[in-house]
Protein chains: 2
Amino acid sequence: MSLRGLGVEPRCRCSGTEHRRIGKLIESIELFPPNPHCKDTEIIATLKSTRQEICLDITAPWVQKIVEKIMANKAP
Amino acid sequence: MSLRGLGVEPRCRCSGTEHRRIGKLIESIELFPPNPHCKDTEIIATLKSTRQEICLDITAPWVQKIVEKIMANKAP
């Protein structure tokens, strides 16, 4: 859930992930593919009202569904 | 391909999309779901070296594949 820091840091950005289903609160989602500094894809959602950034669990089915929905041109 | 502006603007962010397959150059991808100010999902890629932001075509199969790859925990 928490973000270690923003920008280009040579490590993973997330130190944990949000488990609640916050799909309706999401304004945008950023995907960071695996890279030499972080072995797993990281997904960071920005919330609508607060602009808070929240790390999501790529293995959670509801997270996969939200990305599929957005890629199908639908709101999450 | 071009970006109209950054931040929370009450309109679409992209005025065109990149048609070249630039998957290998992508550092991260941001997804903006449809909203009252922009009826279609927008996808903006940030490039590795230049940090340039490029709008991608959500209907392009290579773009869909890149997002699927990242969501499968693989580099694009």
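Hi everyone, this is a short tour of the sheet, the helices and some salt bridges in the structure above. Please keep in mind that we are looking at a predicted model.

Let's start with the sheet. Six strands make up an open sheet, and reading across you meet β3(A), β2(A), β1(A), β1(B), β2(B) and β3(B) in that order. The pairing is antiparallel. In general, strands of a sheet pair through backbone hydrogen bonds, in either a parallel or an antiparallel way.

Which strands sit at the edges? They are β3 of chain A and β3 (53–56) of chain B, and each of them pairs on one side only. If you look at how neighbouring strands of this sheet are turned against each other, the average is 25 degrees, with direction ignored.

Let me zoom in on one pair in chain A. Here β2(A) and β3(A) run antiparallel, and four bridges join them. To find your place, look for I43(A), which stands opposite L56(A) in β3(A).

Now for the helices. Helix α1 of chain A, residues 61–71, lies across β1, β2 and β3 of chain A, and also across β1 (26–32) and β2 (42–47) of chain B. This helix runs at about 105 degrees to β1(A). Over in chain B, helix α1 (residues 61–71) lies across β1, β2 and β3 of chain B together with β1 and β2 of chain A. Its angle to β1(B) is about 105 degrees.

Finally, the salt bridges. How many are there over all chains? The count comes to six, and I'd like to show you some of them.

One joins R51(A) to E27(A), with the closest N and O atoms 2.1 Å apart. This pair links distant parts of the chain: R51(A) belongs to the loop between β2 (42–47) and β3 (53–56) of chain A, while E27(A) is in strand β1 (residues 26–32), and the two are 24 residues apart. Is E27(A) buried or exposed? With a relative accessible area of 19%, E27(A) counts as buried, because the cut-off is under 20%. R51(A), at 37%, is partly exposed.

In chain B, the side chains of E18(B) and R20(B) meet in a salt bridge, at 2.7 Å from N to O. E18(B) is buried, with a relative accessible area of 4%, whereas R20(B) is exposed at 55%.

Also in chain B, D40(B) and K39(B) form a salt bridge with an N to O distance of 3.1 Å. Here D40(B) is partly exposed, at 32% relative accessible area, and K39(B) is exposed, at 67%.

Thanks for listening!

Definitions and conventions: Residues are numbered from 1 along each chain as its sequence is written. Chains are lettered from A and ligands numbered from 1 in the order in which they are written. This is a predicted model: local features need pLDDT of at least 70, side-chain atom pairs count only at pLDDT 80 or more; totals for chains, interfaces and linings use all residues. Side-chain values use heavy atoms; hydrogens and water are left out. A salt bridge is a side-chain nitrogen of Lys or Arg within 4 Å of a carboxyl oxygen of Asp or Glu. Buried means under 20% relative accessible area, exposed over 50%, partly exposed in between (1.4 Å probe, protein chains only). Two strands pair if DSSP finds at least two bridges between them. Axes are lines fitted to C-alpha atoms, for helices over the stretch in contact, and angles run from 0 to 180 degrees between N-to-C directions. Contact means heavy atoms within 4.5 Å.
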